[in-house]
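Subject: Structure handover

Hello,

Here is the structure I promised to pass on. Please open it next to this message.

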Amino acid sequence: MKKNKYDTFLILKKLKKNKLLNNLNTLSIEKDKIKLVKETLHEMIDASNIDNFEETLGSTLKVRANFRQNLMNKLEISSNRQNHLQNEINNNLSAIGKIEKQKQKILEKKKNRRS
């Protein structure tokens, strides 16, 4: 059976959609991991709070402050990464929508050609 150009286009669109769906799955998994990292960082920041200022050495305060600053930097990086992942997910979803519209147009043209 000879395939016409519309069948080839449909196969191509299906492959692109599958690739985007795989990317979407990977991005979603990574976003969940980032969420877990952010929760862990928040817990670590809460745990490193200085409860008592009595008898704490200056060097201890400095170490804790540096540690908290490092955690805050990592938390900011995680937030930025999560925002970037959300943008990528949105882009993939819009691309999937475009592919679906293109598939519908191809199917319509294929149907009109047969008529």
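Below is what was found, going from the overall fold to single contacts.

Overall fold

Please keep in mind that this is a predicted model. The protein chain has two helices and zero strands. Helix α1 covers residues 5-47. Helix α2 covers residues 58-114.

The chain is drawn out. Along its principal axes, the C-alpha trace spans about 90 × 20 × 15 Å. The radius of gyration is 26 Å, while a compact globule of 115 residues would have one near 13 Å. Of the 115 residues, 21% count as buried.

Two C-alpha distances give a feel for the layout. Serine 28 sits in helix α1. Its C-alpha atom is 23 Å from that of glutamate 43, and the two residues are 15 apart along the chain. Leucine 21 is also found in helix α1. Here the partner is asparagine 92, 71 residues away along the chain, yet the C-alpha atoms are separated by 7.8 Å. As for exposure, serine 28 has a relative accessible area of 32% and is partly exposed. Leucine 21, with 35%, is partly exposed too.

Salt bridges

How many salt bridges are there? The count comes to four. In general, side chains of opposite charge can pair when their charged atoms come close.

Start with lysine 110 and aspartate 7. Their side chains meet in a salt bridge, at 2.3 Å from N to O. This pair links distant parts of the chain: lysine 110 belongs to helix α2, aspartate 7 to helix α1, and their positions lie 103 residues apart in the numbering. Are these two residues buried or exposed? Both lysine 110 and aspartate 7 are buried.

Next comes glutamate 30 with arginine 81. The closest N and O atoms of this salt bridge are 2.5 Å apart. Glutamate 30 is in helix α1 and arginine 81 in helix α2, so the bridge ties together parts that are 51 residues apart in sequence. Glutamate 30 has 27% relative accessibility and counts as partly exposed. Arginine 81, at 30%, also counts as partly exposed.

Glutamate 100 and lysine 103 form another salt bridge, with 3.9 Å between the closest N and O atoms. This one stays inside helix α2: the residues are three apart, so about one helical turn separates them. Glutamate 100 counts as partly exposed, at 25% relative accessibility. The pair is part of a network, in which salt bridges that share partners join Lys17, Glu100 and Lys103.

Positive patch

The surface also carries a patch of positive charge. Which residues gather in it? They are Lys5, Lys98, Lys101, Lys105, Lys109 and Arg113. Helix α2 gives the most to this patch, with five residues.

Lysine 101 is one of the patch residues, and it lies in helix α2. Its relative accessible area is 61%; the cut-off for exposed is over 50%, so lysine 101 counts as exposed.

In short

Two helices, no strands. A radius of gyration of 26 Å for the chain. Four salt bridges, including two that link helix α1 with helix α2. A positive patch to which helix α2 gives the most.

Best regards

Note on methods. Residues numbered from 1 in each chain as written. Predicted model: local features only at pLDDT ≥ 70, side-chain atom pairs only at ≥ 80, totals over all residues. Heavy atoms only, no water. Patch = residues over 30% accessible without salt bridge, like charges linked within 9 Å, V, L, I, M, F, W, Y side chains within 5 Å. Areas by Shrake-Rupley, 256 points an atom, 1.4 Å probe, with all protein chains shown as cover. Lys, Arg positive; Asp, Glu negative; His and termini not counted. Charge placed at Lys NZ, Arg CZ, Asp CG, Glu CD. Helix = DSSP H or I, 4+ residues; strand = E, 2+ residues; numbered from the N terminus. Buried < 20%, exposed > 50% of the residue type's maximum accessible area, 1.4 Å probe, protein only. Rg over C-alpha atoms; globule rule 2.2 N^0.38 Å.
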